[in-house]
Amino acid sequence: MAVPERVVPNSYFNEILGEDVDTWLRENVEIYERRWLDADQGVASLCLAAAQQAMDRAGLSNTEVQLLIIATDTPEFISPSTASVIQHRLGLENCATFDVNTACAGFVSALDTASKYLKSDEQYRNAMVIGCYGMSKYLNLQDKKTVTLFADGAGAVILSAKEPGNSDMLAALQTTQGQYYDWMGIYSGATKEPVSAEIVANNDQYLKFVKRFPSELNPQMWSSIAQELCKRAGISVSEVRMFFMTQININSIRGMLDILELPHDRAITIMHKFGYTGSAAIPMALNMAVEQNLIKRGDPILLIGSGGGLAFAGALMRY
């Protein structure tokens with residue numbers, strides 16, 4: 001994983017918003033600080049650092065990665081893909097690349113996609129998947145509904161092909177509830193509303209919460225996905241060693257675990273020091289679990305992401 005050097009504590013927002021938001025953040029979402037990119041940084045710098053760390057840990061050279069997928073809705077550029085930038089900077093020879101945008105569900109969507117490449121086509125032996133997020137660049141500093149929650153980071157994993165019929169990807173699914181597409185997003189700066197002086201004057205180029213999502217939506221969807229994937233794999237949800245979830249609301253994670261009748265420590269949470277890092281949150285949490293020896297090889301783990309759209313993705317696998 002990689003995060004920017006700049007630490008932004010809750011007290012920063014007390015100052016710019018002129019009110020105490022620190023208390024609410026600590027008591028309701030348990031965010032204490034987060035990391036933001038500097039003005040001259042983009043997400044590619046974070047992707048590069050996380051990718052290099054993953055390759056070093058895997059003992060892979062730049063000729064041994066055949067596929068690179070980057071999951072993000074805050075790319076380095078609108079075009080070309082961020083994956084092409086990282087392919088060049090890492091010197092990944094003979095490597096196919098593309099970006100995936102299912103917002104904050106993107107990392108799990110990309111993980112599922114990469115696993116299917118490895119299963120179906122023998123020319124792909126090693127695939128790198130990176131989730132990255134630079135949402136600080138799209139925040140209106142005066143909008144307290146968004147500015148205090150979102151942060152920046154990147155997380156990378158490498159998947160390697162195994163013999164046919166011997167996959168550690170036990171089950172995966174992706175689904176979308178598109179009726180929520182206009183509830184939260186960045187709605188200007190693309191083809192519908194290109195950037196203009198009027199757009200900038202109205203701060204319409206920034207992330208907006210348009211409507212409030214039902215609080216029960218994520219816990220219900222996540223628990224349903226967990227039960228479905230475990231059913232497909234023929235295991236009980238109680239056998240899952242650890243859950244890695246979208247980290248925007250700690251109460252949603254606890255609500256899902258309550259539905260599944262599992263203890264809250266079955267899911268690692270990282271928002272406390274890193275805020276909400278979108279498509280990077282799940283691989284960042286996975287990295288922390290590995291570094292803290294909370295999971296070991298062979299453990300069943302479950303990754304579930306949800307993001308604007310609304311897109312949902314789940315992957316049950318053995319680490």
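Buried residues account for 52% of the 319 residues in the chain. The model is a predicted one, and every value below was computed from it.

**Overall build**

The secondary structure of the chain consists of 10 helices and 12 strands. Its radius of gyration is 19 Å, close to the 20 Å that the globule rule gives for 319 residues, so the chain is as compact as a globular protein of that length. Along the principal axes, the C-alpha trace spans about 60 × 45 × 35 Å.

Among the contacts with a separation of 6 or more, 74% are between residues 24 or more positions apart. The chain has an accessible surface of about 14,300 Å², and carbon and sulfur atoms contribute 48% of that surface. There are 26 positive and 35 negative charges in the chain, and the mean positions of the two groups are 4 Å apart.

**Helix H4**

Helix H4 covers residues 82-90, and its buried residues are Thr-82, Ala-83, Val-85, Ile-86 and Leu-90. Seen down the axis of H4, these buried residues fall within an arc of 155 degrees, so they line one face of the helix. They pack against one helix, H3 (43-58), and against the strands S3 (67-71), S4 (96-100) and S5 (126-134).

Both sides of H4 in the sequence carry a backbone feature. In the loop between S3 and H4 lies Pro-80, which is joined to Ser-79 by a cis peptide bond with omega of about 5 degrees. Just after H4, Gly-91 takes a positive phi of about 65 degrees.

**Other backbone features**

Most residues other than glycine have a negative phi, and most peptide bonds are trans. A second cis peptide bond to note runs from Gly-309 to Leu-310, with omega near -10 degrees. Leu-310 sits in the loop between strand S11 (300-307) and strand S12 (311-318).

Glu-30 is not a glycine, yet has a positive phi of about 55 degrees. This residue belongs to the loop between helix H2 (22-29) and S2. Glu-30 has a relative accessible area of 18%, and it is buried because the cut-off for that class is under 20%.

Asn-203 is likewise not a glycine and has a positive phi of about 60 degrees. Its place is in the loop between helix H6 (197-201) and strand S9 (208-209). With 29% relative accessibility, Asn-203 counts as partly exposed.

**Two residues of helix H7**

Helix H7 spans residues 217-233 and contains Asn-218. Leu-229 is also found in helix H7.

Asn-218 is buried, at a relative accessible area of 17%. Leaving aside residues up to four places away in sequence, Asn-218 touches Ser-252, Ser-306 and Phe-312.

Leu-229 is buried as well, at 0% relative accessibility. With residues up to four places away in sequence not counted, Leu-229 touches Ala-171, Ala-172, Leu-173, Leu-302, Gly-314, Ala-315 and Leu-316. One of these partners, Ala-171, is 58 residues from Leu-229 in sequence, while their C-alpha atoms are 5.6 Å apart.

**Asp-38 and Ser-120**

Asp-38 lies in the loop between strand S2 (33-36) and H3. At 37% relative accessibility, Asp-38 is partly exposed. It touches Arg-6 and Lys-137, not counting residues up to four places away in sequence. Asp-38 and Glu-5 are 33 residues apart in sequence, with 8.4 Å between their C-alpha atoms.

Ser-120 is part of helix H5, which covers residues 106-120. Its relative accessibility is 63%, and Ser-120 counts as exposed because that class takes values over 50%. Ser-120 and Ala-161 are 41 residues apart in sequence, and the distance from C-alpha to C-alpha is 9.9 Å.

The three residue pairs described above are set out here.

| Pair | Separation in sequence | C-alpha to C-alpha distance |
|---|---|---|
| Leu-229 and Ala-171 | 58 residues | 5.6 Å |
| Asp-38 and Glu-5 | 33 residues | 8.4 Å |
| Ser-120 and Ala-161 | 41 residues | 9.9 Å |

Technical notes:
Residues numbered from 1 in each chain as written. Predicted model: local features only at pLDDT ≥ 70, side-chain atom pairs only at ≥ 80, totals over all residues. Heavy atoms only, no water. Helix = DSSP H or I, 4+ residues; strand = E, 2+ residues; numbered from the N terminus. Rg over C-alpha atoms; globule rule 2.2 N^0.38 Å. Buried < 20%, exposed > 50% of the residue type's maximum accessible area, 1.4 Å probe, protein only. Contact = heavy atoms within 4.5 Å. Areas by Shrake-Rupley, 256 points an atom, 1.4 Å probe, with all protein chains shown as cover. Lys, Arg positive; Asp, Glu negative; His and termini not counted. Charge placed at Lys NZ, Arg CZ, Asp CG, Glu CD. Arc of directions from axis to C-beta.
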